[in-house]
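The following paragraphs walk through a single-chain model, one element at a time. Keep the structure open while reading.

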Amino acid sequence: MQLIELCYYSTPIKRFSEQELRSMLRGARERNLILGVSGLLLYSNDIFLQILEGSREAVNAIFQSISHDSRHNDIAISYVNEITFREFKSWQMAYISDLELKGLMGVTDFKPCSMSAAAIRSLLGNIRTSL
């Protein structure tokens, strides 16, 4: 089976509460377990950044669903790559909050729209090694 990773970012239509985030994560983890998808969700400065890893069909299906989710605005794909192994294989959906991003990485002004794909990949790699 050919694996891909897809990384996108989006702006929510409103600020998510901790309870709303937990509910969304619970649903994503259940769906990802069924579809064999792993990844990470980062929420900082009212911006979502998510990486999805899995079969092309599963990742594309999830991304299409997200693309039509009315809770998201300004969805943009940062990169899509074929991969030989998963960076987040043990996570149906790891989660990094704003505070964790600042504490772990020292990132204080998170703006993926102004970051290159290489810079985003580097940040995600640093997060992975910190988990």
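The model is predicted. A convenient place to begin is Gly-36, which comes just after H1 and takes a positive phi of about 75°. The helix that precedes Gly-36, H1, has 18 residues and reaches 25 Å from its first C-alpha to its last, close to the 26 Å expected at 1.5 Å a residue.

Which residues of H1 are buried? They are Leu-21, Met-24, Leu-25, Ala-28 and Asn-32. These residues cover an arc of only 100° around the axis, so they lie on the same side of H1. The general geometry fits this pattern: an α-helix has 3.6 residues a turn, so residues three or four places apart point the same way. On the face turned away from the buried side, H1 carries the exposed residues Gln-19, Glu-30, Leu-33 and Ile-34. The buried residues pack against E2, E3, H2 and strand E5 (94-96).

Helix H2, residues 56-67, can be read in the same manner. H2 has 12 residues and reaches 16 Å from its first C-alpha to its last, close to the 16 Å expected at 1.5 Å a residue. Its buried residues include Ala-58, Val-59, Ile-62, Phe-63 and Ile-66. Seen down the axis, the buried residues of H2 fall within an arc of 125°, and therefore line one face of the helix. What covers them includes E1, H1, E3 and strand E4 (72-83).

Strand E3 holds Ser-55. Is Ser-55 buried or exposed? At 11% relative accessibility, Ser-55 counts as buried, because the cut-off for buried is under 20%. Leaving aside residues up to four places away in sequence, Ser-55 touches Met-1, Gln-2, Leu-3 and Ile-4.

The loop between strand E2 (38-44) and E3 contains Asn-45. With a relative accessible area of 33%, Asn-45 is partly exposed. Asn-45 and Tyr-79 are 34 residues apart in sequence, and their C-alpha atoms are 21 Å apart in space.

Next come the aromatic residues. The count of aromatic pairs comes to four. One of them joins Phe-16 and Phe-48 in an edge-to-face arrangement, with 5.1 Å centre to centre and 85° between the planes. This pair links distant parts of the chain: Phe-16 is in the loop between strand E1 (3-12) and helix H1 (18-35), while Phe-48 is in strand E3 (residues 47-55), 32 residues apart. Phe-16 and Phe-48 are both buried. Together with Tyr-43, they form one aromatic cluster. Phe-16 also has a charged neighbour, since the charged end of Lys-14 sits over its ring, 5.6 Å from the centre.

What is the count of disulfides? The count is zero. Cys-7 is in no disulfide, and the nearest cysteine sulfur, that of Cys-113, is 13 Å away. A disulfide needs two cysteine sulfur atoms within 2.5 Å, so a separation of 13 Å rules out a bond between Cys-7 and Cys-113. Cys-113 is likewise in no disulfide, and the nearest cysteine sulfur to it is that of Cys-7. As for their surroundings, Cys-7 counts as buried because its relative accessibility is 0%, whereas Cys-113 is exposed, with a relative accessible area of 56%.

Methods:
Residues numbered from 1 in each chain as written. Predicted model: local features only at pLDDT ≥ 70, side-chain atom pairs only at ≥ 80, totals over all residues. Heavy atoms only, no water. Phe/Tyr/Trp six-rings, centres within 6.5 Å; stacked < 30°, edge-to-face > 60°. Helix = DSSP H or I, 4+ residues; strand = E, 2+ residues; numbered from the N terminus. Buried < 20%, exposed > 50% of the residue type's maximum accessible area, 1.4 Å probe, protein only. Lys NZ or Arg CZ within 6 Å of the ring centre and 35° of its normal. Expected span 1.5 Å × (residues − 1). Arc of directions from axis to C-beta. Contact = heavy atoms within 4.5 Å.
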